[in-house]
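Visitor: I am new to this structure and would like a close look at a single part. Please take one helix and show me, step by step, how it sits among its surroundings.

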Amino acid sequence: PSYSRRFEQGLGMLWPYHKKLLFRAWHRGTREADLLMGRFAEAHMALWSEEEASLFGALLEESDPDIYDWVTARTPLPDSNLRPLLEKMIEFYRVAA
């Protein structure tokens, strides 16, 4: 099966809050934002602690243009508790490229 199919089969192991975050990551409003947030969440979510999941939830509250600009280095990363998560996203997409 494809990666996405295997991931869906493993969803039963995720906490309900994680499942909700995954849904929100894949349903941002634009395909670009869906891919940016959804792919990152799928790759990391199974290993997140509740605190890390909560940080991702806070990141999902940010606007899509802000997140895109941070991850693509168009604007500096914010000096907030989201910075380490954004740094992980940047590294994830740097390696994937």
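Guide: Let us take helix H5, whose buried residues pack against H3, H4 and H6; contact here means heavy atoms within 4.5 Å, and helices (H or I, at least four residues) are DSSP runs, as are strands (E, at least two), numbered from the N terminus. What you see is a predicted model, in which local features need pLDDT of at least 70 and side-chain atom pairs count only at pLDDT 80 or more, while totals for chains, interfaces and linings use all residues. Residues are numbered from 1 along each chain as its sequence is written, and side-chain values use heavy atoms, with hydrogens and water left out.

The buried residues of H5 are Ile67, Trp70 and Val71, where buried means under 20% relative accessible area, exposed over 50%, and partly exposed in between (1.4 Å probe, protein chains only). These three cover an arc of only 95° around the axis, which puts them on the same side of H5; the arc is that of the directions from the helix axis to the C-beta atoms. Just after H5, alanine 73 takes a positive phi of about 65°.

From here we can turn to the core. The largest nonpolar core has 25 residues, of which Met37, Phe40, Phe56, Leu59, Val71, Leu86 and Met89 touch the most other members; such a core is a set of buried Ala, Val, Leu, Ile, Met, Phe, Trp, Tyr and Cys residues joined through side-chain atoms within 4.5 Å. At least two residues of this core are supplied by each of helix H2 (16-26), helix H3 (31-44), helix H4 (50-60), helix H5 (64-71) and helix H6 (83-96), and the largest share, six residues, comes from H6. Leucine 59 touches two of the buried residues of H5, Ile67 and Trp70, and its other contacts, leaving aside residues up to four places away in sequence, are Met37, Leu82, Leu85, Leu86 and Met89.

Among the partners of H5, helix H3 has Ala33, Asp34, Leu36, Met37, Gly38, Phe40, Ala41 and Glu42 buried. The 14 residues of H3 should span 20 Å at 1.5 Å a residue, and the end C-alpha atoms are indeed 20 Å apart, which agrees; the expected span is 1.5 Å times one less than the number of residues.

Charged side chains add another link to H5. Aspartate 64 and arginine 28 meet in a salt bridge, at 2.5 Å from N to O, the rule being a side-chain nitrogen of Lys or Arg within 4 Å of a carboxyl oxygen of Asp or Glu. Because aspartate 64 lies in helix H5 and arginine 28 in the loop between H2 and H3, the pair ties together parts that are 36 residues apart in sequence. Arginine 28 counts as buried, at 17% relative accessibility.

By this rule the count comes to six salt bridges, and one of them joins glutamate 91 to arginine 94, at 3.6 Å from N to O. Those two residues are three apart in helix H6 and so are separated by about one helical turn; glutamate 91 is partly exposed at 41%, whereas arginine 94 is exposed at 54%. Salt bridges that share partners also join Asp79, Arg83 and Glu87 into one network. Within it, aspartate 79 and arginine 83 have their closest N and O atoms 3.2 Å apart, with aspartate 79 exposed at 76% and arginine 83 partly exposed at 30%.
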